[in-house]
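This report looks at a pocket, the ligand in it and a few unusual points along the backbone. Keep the structure in view while reading.

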Amino acid sequence: MKLIGNYTSPFVRKISIILLEKGITFEFVNASPWEADSPVGQFNPLGKVPALIDGDDSWFDSAIIADYLELHNTTPPLLPADRLQALKVRQLALVADGVAEAALLIVREQMRPDAAQSAEQLARQREKILRGLDRLEQAAGAGQGLNGEAITLADIATVCALGYLNFRRVAPGWCASRPQLVRLAEKMLLRDSVARTAPSAT
Ligand SMILES: N[C@@H](CCC(=O)N[C@@H](CS)C(=O)NCC(=O)O)C(=O)O
């Protein structure tokens with residue numbers, strides 16, 4: 001398998017962690033979607049990373065890739081066997097992805113000249129992040145599907161979203177009132193798959 005993406009993307013990191021956790025061998029192809037001659041559009045018509053190439057198939061959108069990898073029946077399973085519980089875990093993972101997506105929009109907005117930046121857009125995305133984090137904090141406190149005994153897709157998506165917030169210094173005070181998420185992040189960072197994939201500026 002080939003994973004197409006760049007090291008700073010929280011969505012690419014999520015898939016890297018899943019592959020490492022499941023012990024699936026893969027080749028990482030470093031490609032940025034933002035460069036003019038980016039090859040990413042060959043693998044994902046939407047021009048976004050990650051994309052996963054397996055034989056003749058290319059898979060894209062990290063949620064779909066996660067579902068695809070779950071079909072391989074490798075351990076650990078990242079979704080409960082019960083379909084309703086699995087849907088709940090996937091929904092929590094989507095909340096975490098949404099937090100990361102909103103943070104990414106903030107980062108992109110802040111790259112524009114000061115006068116062109118929309119205060120409304122920045123505020124809107126910040127609200128999504130804070131509401132999303134509150135939902136994740138609540139779920140982590142309940143320990144169902146997130147922050148439970150067995151690692152889930154939602155745990156992985158959440159640690160990637162939190163890592164991206166820290167890396168880009170978006171919503172820097174997020175941890176002050178969210179002790180469950182802090183504990184979850186600390187616990188997840190003890191895993192080799194999570195520690196090895198932490199984004200770095202270099
Ligand atoms: N929902 C997508 C989001 C992927 C995404 O937004 N990736 C960013 C990098 S972090 C990207 O490739 N952006 C390029 C663009 O929007 O053109 C997923 O989960 O894979």
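## The largest pocket

In this predicted model, helix α4 gives the most to the lining of the largest pocket, with 7 residues. It has company: α1, α3 (62-70) and α6 (153-168), like α4, each supply at least two residues of that lining.

The largest pocket holds about 660 Å³ of space. It is lined by 27 residues, and the closest to its centre are F11, W34, K48, V49 and L104. Sorted by class, the lining has 15 nonpolar, 6 polar and 6 charged residues. In general, empty space of this kind is found by rolling a probe the size of a water molecule over the atoms.

## The ligand and its shell

What takes up the space of the largest pocket? The ligand does. Around the ligand are 13 residues, and the closest are S9, K48, V49, D61 and S62. K48 and V49 thus appear twice: they are among the residues closest to the ligand, and also among those closest to the centre of the pocket.

Two helices, α1 (10-22) and α4 (83-110), each supply at least two residues of the shell around the ligand. By class, this shell has 7 nonpolar, 3 polar and 3 charged residues.

## Polar contacts

Which side chains have an N or O atom at a short listed distance from a nitrogen atom of the ligand? For D61 the distance is 3.0 Å, and for E101 it is 3.3 Å. S62 is paired with an oxygen atom of the ligand instead, and a polar atom of its side chain lies 2.6 Å away. On its own, the ligand has 510 Å² of accessible area, and the protein covers 85% of this.

## Backbone points

Most residues other than glycine have a negative phi, and most peptide bonds are trans. The model has some exceptions. D61, which is not a glycine, has a positive phi of about 75 degrees. This residue is in the loop between β4 (57-60) and α3, and its side chain is the one with an N or O atom 3.0 Å from a nitrogen atom of the ligand.

Two peptide bonds are cis. One joins V49 and P50, with omega about 10 degrees; P50 is in the loop between α2 (40-43) and β3 (51-54). V49 is also among the residues closest to the ligand. Another cis bond runs from T75 to P76, with omega near -5 degrees, and P76 is in the loop between α3 and α4.

Definitions and conventions
Residues numbered from 1 in each chain as written. Predicted model: local features only at pLDDT ≥ 70, side-chain atom pairs only at ≥ 80, totals over all residues. Heavy atoms only, no water. Near = heavy atom within 4 Å. Polar contact = N/O pair within 3.5 Å; in protein donor to acceptor, adjacent residues only side chain to side chain. Areas by Shrake-Rupley, 256 points an atom, 1.4 Å probe, with all protein chains shown as cover. 1 Å grid on protein atoms, 1.4 Å probe; cavity = no way out; pocket = protein on both sides within 12 Å on 5 of 7 lines; lining within 4 Å. Sits in = over half its atoms within 2 Å of the grid points. Helix = DSSP H or I, 4+ residues; strand = E, 2+ residues; numbered from the N terminus. Nonpolar A, V, L, I, M, F, W, Y, C, P; charged D, E, K, R; others polar. Points joined across faces, edges and corners; volume = space filled by probe spheres on them.
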